[in-house]
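Colleague: Please take a close look at a single residue of your choice. Then set it against the rest of the chain.

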Amino acid sequence: MKLLKRVILTVTLFTILFFPASVSFNTSAAEESPAPVYYVRFSGTGLNVYGDPSLSGESLAILPDDTYVQILLGPLDFLAKIRVYDTGLEGYVDMRYLKRLDAIVYDYDIYTYEELEEDITKLQERYPELLHVNVTGQSVDGRNLYELVLGNQSAPESILIHAGIHAREHVNPYLVMEQLEQCLIYYDCGYFHEQSYRELFDNVSVHIVPMVNPDGIAISQYGEGALRSPELVETLRACYAYDLSTRRTRSTYENYLARWKANARGVDLNRNLLPGFGVNSKVSQPSYMGYEGTAPFSEPEMLSLGAVTLLCEPSIIINYHSMGEVAYWNTVESRYTAINTEFSNYMLSLVPYQRMRSGTASGSYLDWIYSGENPVCSITFETGNVECPFTLDQYPKIWIQHSLVVQAAAAYAYTH
Ligand SMILES: [Zn+2]
């Protein structure tokens with residue numbers, strides 16, 4: 001049955017791509033709401049437009065950044081058929097270089113907690129049927145911890161994506177929000193491999209925790225003035241004194257806070273779990289990085305992420321960290337190495353990061369999910385290739401590498 005369905009879908013896709021006139025569109029609806037406009041970005045020397053959907057041969061035109069286009073068909077994986085707004089030229093392009101002109105998620109420079117909240121509100125207003133928002137707790141400095149659910153909340157399968165456990169890695173919350181918006185924009189016209197986005201997300205709900213550690217991110221972006229609690233400001237100063245005295249830092253206070261990894265209590269959230277809690281501890285008190293906390297799950301940010309994980313029972317978890325363009329996928333103690341071998345091969349064929357060797361338990365989130373009862377495949381992407389926090393020029397490459405990760409993970413969950 002599944003094979004038959006795939007054959008039908010493949011024929012349908014072939015028909016759409018090569019005989020678009022045979023596909024009937026609802027023209028009255030199109031008249032009411034004009035087709036959205038997209039613009040070219042991140043193209044470097046320009047985006048090639050091809051007459052052939054294989055995106056090969058001689059290009060019909062090269063569109064510089066900020067050229068306006070409309071999408072006529074697709075996207076199908078990376079492929080979209082477009083019309084250039086000014087000239088009327090039609091052809092095929094790599095859709096990763098297109099962004100919708102009225103996109104909501106729009107600032108990859110310093111993406112703050114406040115921008116995240118605003119974007120969540122606007123996305124929910126624009127896509128009320130497709131996006132569900134949960135507040136799953138509060139950070140130690142009183143910021144909301146969000147879970148965003150894309151697609152059918154009672155779907156038989158679910159996947160989980162999270163970003164921003166480590167404060168200074170704050171490019172990744174922006175990345176996952178842009179991934180989310182892209183899935184919403186193309187919900188009714190996009191295909192990944194044989195499945196339409198609608199079919200995928202009807203069957204696989206996507207749970208996104210876009211900013212696990214909002215306080216730490218505010219510290220890294222704006223320093224101690226970002227904190228609301230005077231006691232937590234004192235904690236930061238005590239951390240700095242400790243890290244100076246133990247020679248864990250020689251930076252100025254300002255640079256030290258920009259390189260902050262922990263939450264606002266000086267706990268490294270990716271050391272705050274079991275198994276391996278405190279095993280490799282080299283830090284005896286709160287610090288900008290590496291301190292595990294007083295007990296497993298002592299921090300509300302990890303309690304919240306843990307609860308989301310247990311409640312949605314994901315078959316796949318994507319973890320976003322930075323930096324190095326490498327991928328962690330396994331631990332020595334993992335119960336799920338066998339199923340994760342195939343999955344990690346699949347994901348690394350899409351995102352060509354270097355595979356890292358398996359480490360031993362150190363109280364990380366990966367240690368925790370691989371020791372749980374729920375069989376899970378997971379991969380940790382370490383985005384970017386310079387020290388955190390990043391400069392602006394890192395993002396275009398990260399986007400091109402990761403723009404289809406959600407669709408790919410959902411497709412894997414659906415077909416396995
Ligand atoms: Zn990290």
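Modeller: The account below begins with one glutamine and then turns to the cores, the domains and the whole chain.

This is a predicted model, in which local features need pLDDT of at least 70 and side-chain atom pairs count only at pLDDT 80 or more, while totals for chains, interfaces and linings use all residues. Residues are numbered from 1 along each chain as its sequence is written.

The residue is Q179, which lies in helix α4, residues 171-185 (helices are DSSP runs of H or I of at least four residues, strands are E runs of at least two, and both are numbered from the N terminus). Q179 has 26 other C-beta atoms within 10 Å, so it is buried (buried means 20 or more such atoms within 10 Å, exposed 12 or fewer, and partly exposed in between, with C-beta atoms placed from the backbone). Leaving out residues up to four places away in sequence, Q179 touches H402, S403, V405 and V406 (contact means C-beta atoms, placed from the backbone, within 7 Å). V105 is 74 residues from Q179 in sequence, yet their C-alpha atoms are 9.5 Å apart.

As for the cores, the largest nonpolar one has 98 residues (a core is a set of buried Ala, Val, Leu, Ile, Met, Phe, Trp, Tyr and Cys residues joined through C-beta atoms within 7 Å). I159, V206, I219, I316, A409 and A410 have the most contacts inside this core. Beyond four places in sequence, the contacts of I159 include V204, V206, I316, A409 and A410. Another core, apart from the largest one, has 14 residues, including V69, A80, I82 and L98.

The protein is divided into domain 1 (29-100) and domain 2 (113-215 + 299-415), with bounds from an automatic or database domain assignment. Their C-alpha centres are 28 Å apart. Seven residues of domain 1 and 12 residues of domain 2 make the contact. Strand β4 (residues 68-76) gives three residues, the largest share of the domain 1 side.

Over the whole protein there are 13 helices and 17 strands. The radius of gyration is 22 Å, close to the 22 Å that the globule rule gives for 416 residues, so the protein is as compact as a globular protein of that length (the radius is taken over C-alpha atoms, and the rule is 2.2 Å times the number of residues to the power 0.38). Buried residues make up 47% of the 416. Of the contacts with a separation of 6 or more, 75% join residues 24 or more positions apart.

Conventions:
Two residues are in contact if their C-beta atoms, placed from the backbone, lie within 7 Å.
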